[in-house]
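The following exercises are to be worked with the sequence and the model at hand. Each task is followed by a solution in steps.

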Amino acid sequence: MPFGNTHNNFKLNYSVDDEFPDLSKHNNHMAKVLTKELYGKLRDKQTPTGFTLDDVIQTGIDNPGHPFIMTVGCVAGDEESYEVFKDLLDPVISDRHGGYKPTDKHKTDLNFENLKGGDDLDPNYVLSSRVRTGRSIKGYALPPHNSRGERRAIEKLSIEALSSLDGEFKGKYYPLKSMTDAEQEQLINDHFLFDKPVSPLLTCAGMARDWPDGRGIWHNDNKTFLVWVNEEDHLRVISMQKGGNMREVFRRFCVGLQKIEEIFKKHNHGFMWNEHLGYILTCPSNLGTGLRGGVHVKLPKLSTHPKFEEILTRLRLQKRGTGGVDTASVGGVFDISNADRLGSSEVAQVQLVVDGVKLMVEMEKKLEKGEAIDSMIPAQK
Amino acid sequence: MPFGNTHNQMKMNYSAEQEYPDLSKHNNHMAKVLTPAIYDRLRSKQTPSGFTLDDVIQTGVDNPGHPFIMTVGCVAGDEETYEVFKELLDPVIEDRHGGYKPSDKHKTDLNPDNLKGGDDLDPNYVLSSRVRTGRSIRGFCLPPHCSRGERRMVEKLSNEALDSLTGDLKGKYYALKNMTDDKPVSPLLLASGMARDWPDARGIWHNDNKTFLVWVNEEDHLRVISMQKGGNMKEVFNRFCTGLTKIESLFKEKGHEFMWNEHLGYVLTCPSNLGTGLRAGVHMKLPNMSKHAKFEEVLKRLRLQKRGTGGVDTAAVGGVFDISNADRLGFSEVELVQMVVDGVKLLTEMEKRLEKGQSIDDLIPAQK
């Protein structure tokens, strides 16, 4: 947890050797990249808001590795982190995002009409569809680093913006600190409520500070469009519904997101974005689109097939348990989503999910009938 | 957790009111004391090592209250914290330590010969006896705030000192990173930053007999523990004093002293451990007494507290309680252990009475 240590004035009295973390048992992107030399070069730097190298890396030191996924092991505390600590973060980004170079440009495409198909994923297999992204509000430090005053200001701005939504987006804000038991239970039943982070990936980076101050959930009356305020990012925007109509989910996602962005811009608070990194978020893994489009899908047979992992890799998809980023799957139901975030657009990523899930459902059906799927194994996308 | 936020330079652009934490659901010493006015006066300050008010209080903001004990809700990051933030910490100390005033002086007495009795607590009831304290090494930041370099130096110095112990105290150091281990899970500790970089530079030293242990870099730089099965608290305390005094002289030989002053005694991370830093206690069976309506009252009058047998934030299991001194500051080490010895003897008598279905009303003590 990047606390006091990370702004301890005495640490520069100790040599780089004395201060360099022990990463010998570690397996995350930060540990792969951070050498002693690099640590020595960056350790006395800080962003204008005071975020230090030790702040960036503490979560990766405290969490050596994860059984299910290769973690990033570093976070940004503000927009400038990606610039001040680029010597560390550029290689991490390159490693995480398939060789993305410091000179590469990222493309944003939130025009849902560019998606082909996606309205007919088989609901006998595809239980639910969901698209989420994050957004950061320019001028404020990010969740690992923001003060209570900043966090509350973000909440206030978010409520103002969301209150002005209408039509299918008309909804209500539920601040975590004043939620009634009944409201809480309903939100849990709807699978909307986010808990105080218990994942050490998040707690070690400081994102649980002052919980539940400044945190809340907004959702529309139909319960198909949600915004989480001040969890892992300033805003997490989510479109979801039961069944396999990913096209509808994505339409609502794009329309809602753009409405929200317009309102924030009108109040002179744009989202953090640049043409190299796309949308700037807390975790380097979410740069670019910040988009995770996915389904909960029943794949009891395919998931036990020896080529399951290979197929996912080729389709540029990843699996998770149905409880979220660091959970295991239950009952053969998997969360399948796009693996990429940076270097391809929103439309392209959702297209991969739509096409990939269609294929995997076909494979599952074949395996159910005891047939081989060898001819269906795709080429690397 | 007092991370980045606690040294976020943008926060001074927000008013004290905008930054003041919401303590409306909180029940800890920090929350009782910290008004918006105090927050305003202290929020721009920091100690020479850079520890801020937000660093001090973050654990209390993140942990509103504890079901079993009234928590302190604030920590020190270095020796100077107690001076720079005295406006907050003096009232916390006063509230926690029975009205201890900023002008009061604390007495240290580590002479085990001054303890009367204590070698005959009934082992049918008293399963084990233990005395612990903490020590901080002057010149280094405390566990919520120390850097890896500082923590490693504390480990190195501790090893050098402990390696030169002899006789009954001769022992060995076991670095946590070479063992499978428990990371602290108590949110009280996690929220204050003490688990950072775990298990780097953490370890346990113990003598060959396993009756004298030193924890390095857990909640304090050093935690010194003397323990054994059964009820011979006198022997436990003898070993405790002898070992501790030896360790202190070994550190002094190398030019390092313990943080101590005549007002606060030994300076430790948690304000609740100032003074002696001493918790002397037993694990004892009190299945009948613990259900008696006056159990809490009796403990209070004896100046004792109960805990579960897993430590500070656990529940009792099977009628076995951890009974220890409640005070730390304003009494000497000998005085506190005496209270435990005398109090445990009395509780044992009461338990025996209740077993026989007899009343204990005549045994209820006056307030010590």
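**Exercise 1.** Which side chains meet in a salt bridge with an N to O distance of 2.9 Å?

*Solution.* First, apply the rule: a salt bridge is a side-chain nitrogen of Lys or Arg within 4 Å of a carboxyl oxygen of Asp or Glu. The side chains of A:Lys86 and A:Asp90 satisfy it, at 2.9 Å from N to O. Next, locate the pair: A:Lys86 and A:Asp90 both belong to helix 6 (residues 86–96) of chain A and are four residues apart, about one turn of the helix. Helices here are DSSP runs of H or I with at least four residues, strands are runs of E with at least two, and both are numbered from the N terminus. Finally, the count over all chains comes to 56 salt bridges.

The model is predicted: local features need pLDDT of at least 70, side-chain atom pairs count only at pLDDT 80 or more, and totals for chains, interfaces and linings use all residues. Residues are numbered from 1 along each chain as its sequence is written, chains are lettered from A and ligands numbered from 1 in the order in which they are written, and side-chain values use heavy atoms, with hydrogens and water left out.

**Exercise 2.** Describe the interface of chain B and chain A.

*Solution.* Begin with contact (heavy atoms within 4.5 Å): 53 residues of chain B touch 54 residues of chain A. Then consider the salt bridges, of which four cross the interface. One of them joins A:Asp22 to B:Lys177, with the closest N and O atoms 2.7 Å apart. Turning to elements, helix 1 (16–19), helix 4 (53–62) and helix 7 (148–163) of chain B each give two or more residues to the side that touches chain A. Helix 4 of chain B supplies the largest share, six residues.

**Exercise 3.** In what order do the eight strands of the open sheet in chain B lie?

*Solution.* Two strands pair if DSSP finds at least two bridges between them. The order is 2-3-4-5-1-8-10-9, with antiparallel pairing. Strand 2 (171–175) and strand 9 (304–307) of chain B are at the edges with a single partner strand each, so one side of each has no neighbour in the sheet. Within the sheet, strand 1 (residues 126–135) and strand 8 (residues 279–285) of chain B pair over six bridges in the antiparallel sense. B:Arg130 has B:Gly281, in strand 8 of chain B, as its bridge partner.
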